[in-house]
Amino acid sequence: MLPTRVLHALLTVCLLLSGCRREPVAETTPTTQDEMAAFIPDGGGSGCVWVVDSEQKGRLYLCGTIHILREQDYPLAPGYEAAYMFSDKLVLELPPGEGSSPELAKKMAQLGMFSADTSLDANISAEAWKAVQAWATRRGLEPSSMNRFRPWFVSILMTAKEYAVLGATPDLGVDKHFGDRALADGKPGEGLETPDFQLQMFSALTNRQQQELLDQTLAELSTVAKEYEKMIEAWKQGDLAALHAMLFREAEKHPDLMNLFLTARNLVWIDKLDAMLRRGDKVMVLVGAAHLTGDSGLIELLKKRGHRVRHYREVQDF
């Protein structure tokens with residue numbers, strides 16, 4: 001199903017929806033050669049981290065992320081720390097710090113609101129509107145307040161709230177974690193996209209697509225906790241096959257949405273990543289784990305460009 005699995009896994013914009021700010025989870029940065037050696041895999045490592053090498057001696061530490069995590073999901077697998085330590089630059093979906101700016105949150109909220117002459121209940125089915133009202137009441141929200149928002153925005157609000165109930169917040173997401181560290185350390189960072197581009201993705205959604213997102217979200221609310229646990233476990237093990245099967249279940253029913261949020265973005269990103277490798281750059285790349293899986297995922301696309309791709313556990317030459 002698309003929204004609560006793939007929408008959560010794909011869209012960094014979800015970072016804007018947290019009203020709760022927390023201190024970042026502390027990591028111990030190695031300073032001696034012995035400490036650094038502890039992060040080099042011995043064959044038993046795990047995590048959603050791949051190492052991509054080019055003939056030009058470029059290297060990408062391609063890290064699949066979960067944008068919304070819990071405190072209990074830390075510490076991260078050793079591959080993430082090794083990737084940060086051995087890279088010269090950090091590349092995220094959005095530039096470090098820009099995904100949680102107040103200006104972007106304001107723009108998104110404005111984009112997600114209907115004009116004064118219409119409302120949510122006038123643009124979705126009566127059944128869906130009753131379900132939205134029931135959900136708002138259950139979560140302690142004023143049902144009428146949801147009527148101002150477009151279906152896609154309501155879908156994201158509901159998804160973010162359900163994960164918050166589980167203790168999962170954007171402030172604990174992998175992207176936020178390393179983005180904050182890079183800013184504090186003075187490590188260069190950049191984004192594969194701009195905030196305006198991500199906002200434009202929502203603007204491109206048709207009324208039908210927005211209703212699909214909301215209907216699917218409503219259908220999946222009861223399984224969020226169970227599916228989240230499965231997704232986290234597969235992500236921690238770097239099990240791309242399990243992640244793909246879980247995230248893209250029935251995705252063939254929504255090819256236009258999958259192209260907009262996933263495939264088309266991968267095809268733009270691959271040119272940028274390929275250029276980094278051919279320049280000989282050493283880069284830690286953090287993108288939603290869903291972008292790595294399947295035939296149109298970044299791993300297969302990088303292999304087709306002639307680059308060597310190995311899981312972190314298979315690499316001895318960090």
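This is a guided tour of one protein chain, with a selection to make at each stop.

**The whole chain**

Begin with everything displayed, and keep in mind that the model is predicted. Coloured by secondary structure, the chain shows 13 helices and six strands. It has 318 residues, and buried residues make up 55% of them. Of the contacts between residues at least 6 apart in sequence, 86% join residues at least 24 apart.

**The sheet**

Select the six strands next. They form an open sheet in the order β4-β3-β5-β2-β1-β6, and the pairing is mixed. At the edges are β4, residues 189-191, and β6, residues 308-311, each of which pairs on one side only. On average, neighbouring strands in this sheet are turned by 20° against each other, direction ignored.

Now restrict the selection to β5, residues 282-288. Is this strand mostly covered or mostly open? It is mostly covered, as six of its seven residues are buried. Strand β3, residues 89-92, runs parallel to β5 and is joined to it by four bridges. Two residues of that strand can be picked out: K89 stands opposite V283, and V91 stands opposite V285. Strand β2 also runs parallel to β5, with seven bridges between them. Here L60 is the residue that stands opposite V283.

Add helix α7, residues 174-185, to the view. This helix packs on the sheet and touches β2 (59-65), β3 and β5. The direction of α7 makes about 145° with that of β3.

**Charges over a ring**

Select Y84 together with R181 and K187. R181 lies over the face of Y84, at 4.5 Å from the ring centre. The charged end of K187 also sits over the ring of Y84, 4.5 Å from its centre.

**The nonpolar cores**

In soluble globular proteins, nonpolar side chains tend to be buried together. The largest nonpolar core in this model has 63 residues. Which residues have the most contacts inside it? They are L69, Y80 and W235. Helix α12 gives the most to this core, with seven residues.

Centre the view on Y80 and show what surrounds it. Leaving out residues up to four places away in sequence, Y80 touches C48, V49, C63, G64, V174, F178, W235, M284 and L286. One of these, W235, is itself among the residues with the most contacts inside the core.

Another core, of 28 residues, lies apart from the largest one. To find it, select L94, A136, V154 and F202, which are among its members.

**Aromatic pairs**

Show the aromatic side chains. The whole structure contains seven aromatic pairs. Take W152 and F153 as an example: their ring centres are 5.5 Å apart and their planes stand at 85°, so the pair is edge-to-face. Both residues are buried. They also belong to one aromatic cluster, formed by F149, W152, F153, F202 and F261. F202, in turn, is a member of the core of 28 residues.

Move on to Y163 and Y228, an aromatic pair that is tilted, with 5.1 Å from centre to centre and 55° between the planes. Y163 lies in helix α6 (residues 151-165) and Y228 in helix α10 (residues 224-237), so the pair ties together parts that are 65 residues apart in sequence. Y163 counts as buried because its relative accessibility is 3%. Y228 is buried as well, with a relative accessible area of 1%.

**A buried asparagine**

Select N266, which lies in helix α12, residues 255-279. Is N266 buried or exposed? Its relative accessibility is 0%, so N266 counts as buried. Apart from neighbours within four places in sequence, N266 is in contact with H291, S296, G297, L298 and L301.

**A loop residue**

The last selection is S145. Its place is in the loop between α5 (126-138) and α6. With a relative accessible area of 23%, S145 is partly exposed. Add Q133 to the view: S145 and Q133 are twelve residues apart in sequence, and their C-alpha atoms are 9.4 Å apart in space.

Terms used
Residues are numbered from 1 along each chain as its sequence is written. This is a predicted model: local features need pLDDT of at least 70, side-chain atom pairs count only at pLDDT 80 or more; totals for chains, interfaces and linings use all residues. Side-chain values use heavy atoms; hydrogens and water are left out. Two strands pair if DSSP finds at least two bridges between them. Axes are lines fitted to C-alpha atoms, for helices over the stretch in contact, and angles run from 0 to 180 degrees between N-to-C directions. Contact means heavy atoms within 4.5 Å. Buried means under 20% relative accessible area, exposed over 50%, partly exposed in between (1.4 Å probe, protein chains only). Rings of Phe, Tyr and Trp (its six-membered ring) pair if their centres lie within 6.5 Å; planes under 30 degrees apart count as stacked, over 60 as edge-to-face and the rest as tilted. A charge sits over a ring if NZ of Lys or CZ of Arg is within 6 Å of the ring centre and within 35 degrees of the ring normal. A nonpolar core is a set of buried Ala, Val, Leu, Ile, Met, Phe, Trp, Tyr and Cys residues joined through side-chain atoms within 4.5 Å.
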